[in-house]
Amino acid sequence: MTSSTTRVLACVLACLLPAAGASAQSAGHCPTLPADSGLHWDQLDGPDFTFCKAIRTADGTQAFAVMLGKDSPFKPSRADRAEESVIDGHAQRWYRSEVASNPDAIIRETLVELGRDRVAHITLQASSQAQKDEAMRQVEALRFQPALLTSN
């Protein structure tokens, strides 16, 4: 199995884990959440990646996820371009995606280059436009450490 395949499988497994089943750890590798976000991180560390799930404290549901690593299996397609955004002070582009098992879900993905051959693959899944907009606002408020960001 290739390293990329292993990462994809780890990401899929982490996405399928219920919030309570994921290992809640120090958010040392995860980006900084705003203090008033109502979110906390569930973090899963792999051999060459960190997977961070932003969990809503109020109801235990996932707001969005960030996978940090050397590269990402996500390859943006111009045809799937959606909203523009600013994440940690840098312009980013969101891309539409879909999940066959939930065709009504609103799904967005983006890549944030972190410098030194590191990237953050951010995904969110929402059931309404308002939920998507809120999750995007929360992602825009993330702060990556160190702040060695480049535009996507």
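**A walk across the sheet**

Start by selecting Asp45: across from Asp45 stands Thr50, a residue of strand 2. Keep in mind as you click around that this is a predicted model.

Now widen the selection to the two strands here. Strand 1 pairs with strand 2 (residues 49-56) in the antiparallel sense, over seven bridges.

Next, color the whole sheet. You should find seven strands in an open sheet, with antiparallel pairing, and reading across it the order is 1-2-3-7-6-5-4. Where are the edge strands? Select 39-45 for strand 1 and 81-87 for strand 4: each of these pairs on one side only. Tilt the view a little, too: on average, neighbouring strands of this sheet are turned by 25° against each other, direction ignored.

Then bring in helix 2, residues 129-140, which packs on the sheet. Helix 2 touches strand 1, strand 2, strand 3 (62-69), strand 4, strand 5 (90-97), strand 6 and strand 7 (118-126). Line helix 2 up against strand 7 and their directions make about 155°.

Last stop: strand 6, residues 106-115, where you'll want to pick out Arg108. Is Arg108 buried or exposed? Arg108 counts as buried, because its relative accessibility is 11% and the cut-off for buried is under 20%.

So what is around Arg108? Show the side chain of Glu83 first: the side chain of Arg108 makes a polar contact with it at 2.8 Å. Then add other residues that Arg108 touches, among them Ala82, Trp94, Tyr95 and Arg96, plus Ile122, Thr123 and Leu124. Finish with Lys132, which Arg108 also touches.

Methods: Residues numbered from 1 in each chain as written. Predicted model: local features only at pLDDT ≥ 70, side-chain atom pairs only at ≥ 80, totals over all residues. Heavy atoms only, no water. Helix = DSSP H or I, 4+ residues; strand = E, 2+ residues; numbered from the N terminus. Buried < 20%, exposed > 50% of the residue type's maximum accessible area, 1.4 Å probe, protein only. Polar contact = N/O pair within 3.5 Å; in protein donor to acceptor, adjacent residues only side chain to side chain. Contact = heavy atoms within 4.5 Å. Pairing = 2+ DSSP bridges. Axes fitted to C-alpha atoms, helices over the stretch in contact; angles between N-to-C directions. Lists of a residue's contacts leave out its neighbours within four places in sequence.
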